[in-house]
Amino acid sequence: MTIILITLLAGLVAGILSGLLGVGGGLLLIPIMIFLLGMSQHAAQGISLLVIIPTAMAGIWQLHKAKMVNYNLALYLACGSILGALISSTFVQYIPAAQLKLIFGVFVIIMGIRTILKTLKS
Amino acid sequence: MDNKLKVISFGFIAGILSGLLGVGGGIILVPLMVTYLGITQHIAHGTSLAVIVPTAVAGSIVYGFNGNINFMPALNLAVGSILGASLGARWMKKIPAKQLKQLFGVFLVLVGIRMLIS
């Protein structure tokens with residue numbers, strides 16, 4: 001029961017961040033699944049990808065009405081990203097979890113600092 | 001044509017990271033669109049979500065074939081996250097671009113630090 005409540009609440013928070021920030025919510029879902037639900041990195045990543053699909057669709061439903069989705073641009077980005085995702089998710093099975101976590105953390109921090117610096121300059 | 005190639009290659013980078021990390025790729029798609037394609041912060045977020053859907057479908061098919069997909073926790077999480085995404089997207093429409101960008105940056109740094117500490 002507690003696990004189900006934690007899971008629903010985790011989904012809710014990840015969803016709010018997804019709709020708000022235009023991300024899938026996987027960044028929040030993965031650590032929650034690992035630390036609170038005791039899953040392995042690889043299992044958490046697989047579930048994260050699955051949860052992201054309906055979550056992003058719910059966000060699009062809201063933003064489509066406000067004309068905040070550029071479908072033409074999305075089409076070209078998706079051509080590249082589907083190819084990239086197929087290649088890397090095939091390859092990921094052979095990478096150890098510890099290294100994955102490190103890549104994950106470093107990548108996110110660099111992107112965050114870059115984004116903040118940009119708003120301070122403007 | 002040059003621009004289309006640039007856009008497709010941005011998508012490719014996001015897709016690589018998506019499959020590798022199990023995320024949607026929005027964390028890289030949004031800054032790339034805003035910085036290099038001149039897309040406004042709000043439209044970048046909406047467009048990012050539209051790219052995330054097919055990318056996550058492609059990634060989860062491969063994860064599924066490798067036996068790394070567990071449907072029950074995914075279903076439980078999705079119930080909350082669908083509701084949350086509707087609320088978050090409604091809220092986002094009301095936030096000015098600069099604050100939205102700052103919120104985005106702070107979110108990335110916090111999540112990144114947490115991952116490294118663990």
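Start by selecting H4(A) and H3(B): these two helices make a right-handed crossing. You are looking at a predicted model, scored at ipTM 0.89 and pTM 0.88.

**Stop 1: H4(A) against H3(B)**

Keep helix H4 of chain A and residues 41-65 of chain B on screen. Their axes come within 8 Å and cross at roughly 25 degrees. Angles under 35 degrees count as roughly parallel, so H4(A) is roughly parallel to H3(B).

Now show side chains. On the H4(A) side, the contact includes Tyr71(A), Leu73(A), Ala74(A), Leu77(A), Ala78(A) and Ser81(A), and further along Ile82(A), Ala85(A), Leu86(A), Ser89(A) and Thr90(A). Facing them from H3(B) are residues including Thr47(B), Ala50(B), Val51(B), Pro54(B), Thr55(B) and Ala58(B). Gly59(B), Val62(B) and Tyr63(B) belong to this contact too. Colour the contact by residue class and you get 14 nonpolar and 6 polar residues, with no charged ones.

**Stop 2: H3(A) against H4(B)**

Next, select H3(A) together with residues 71-92 of chain B, which form helix H4 there. What angle do these two pack at? The angle is about 25 degrees, and the axes are 8 Å apart. That angle makes H3(A) roughly parallel to H4(B). The crossing of H3(A) and H4(B) is right-handed.

From H3(A), pick Ile47(A), Leu50(A), Val51(A), Pro54(A), Thr55(A), Ala58(A), Gly59(A), Gln62(A) and Leu63(A). Their counterparts on H4(B) include Pro73(B), Ala74(B), Leu77(B), Ala78(B), Ser81(B) and Ile82(B). Add Ala85(B), Ser86(B), Gly88(B), Ala89(B) and Arg90(B) to finish the H4(B) side. By class, this contact holds 13 nonpolar, 6 polar and 1 charged residue.

**Stop 3: zoom in on Gly59(A)**

Stay on H3(A), which spans residues 41-65 of chain A, and centre the view on Gly59(A). Is this glycine buried or exposed? A residue counts as buried if 20 or more other C-beta atoms lie within 10 Å of its own; Gly59(A) has 40 of them, so Gly59(A) is buried.

Which residues is Gly59(A) in contact with, leaving aside neighbours within four places in sequence? In its own chain they are Ser18(A) and Gly19(A). Across in chain B they are Leu49(B), Ala85(B), Gly88(B) and Ala89(B). Draw a distance between the C-alpha atoms of Gly59(A) and Gly19(A): they are separated by 4.9 Å, though 40 residues apart along the chain.

**Stop 4: the whole interface**

Pull back and select every residue where the two chains touch. The contact takes 85 residues from chain A and 87 residues from chain B. On the chain A side, H1 (2-21), H2 (26-35), H3, H4 (71-91) and H5 (97-121) each supply at least two residues. H3(A) gives the most, with 21 residues. The chain A side divides into 55 nonpolar, 28 polar and 2 charged residues.

**Stop 5: chain B on its own**

Finally, hide chain A. Chain B has 5 helices and 0 strands, and its pattern along the sequence reads α-α-α-α-α. Its C-alpha atoms fill a box of roughly 40 × 35 × 30 Å along the principal axes. Of its 118 residues, 58% count as buried. Among contacts in chain B with a separation of 6 or more, 49% join residues 24 or more positions apart. Colour by pLDDT to end the tour: chain B averages 88, and 96% of the residues score at least 70.

Methods
Residues numbered from 1 in each chain as written. Chains lettered and ligands numbered in written order. Predicted model: local features only at pLDDT ≥ 70, side-chain atom pairs only at ≥ 80, totals over all residues. Helix = DSSP H or I, 4+ residues; strand = E, 2+ residues; numbered from the N terminus. Buried ≥ 20, exposed ≤ 12 C-beta atoms within 10 Å, placed from the backbone. Contact = placed C-beta atoms within 7 Å. pLDDT = per-residue confidence, 0-100. Nonpolar A, V, L, I, M, F, W, Y, C, P; charged D, E, K, R; others polar. Axes fitted to C-alpha atoms, helices over the stretch in contact; angles between N-to-C directions. Parallel < 35°, antiparallel > 145°, perpendicular 65-115°, else oblique. Left-handed = near helix turned anticlockwise from the far one by under 90°.
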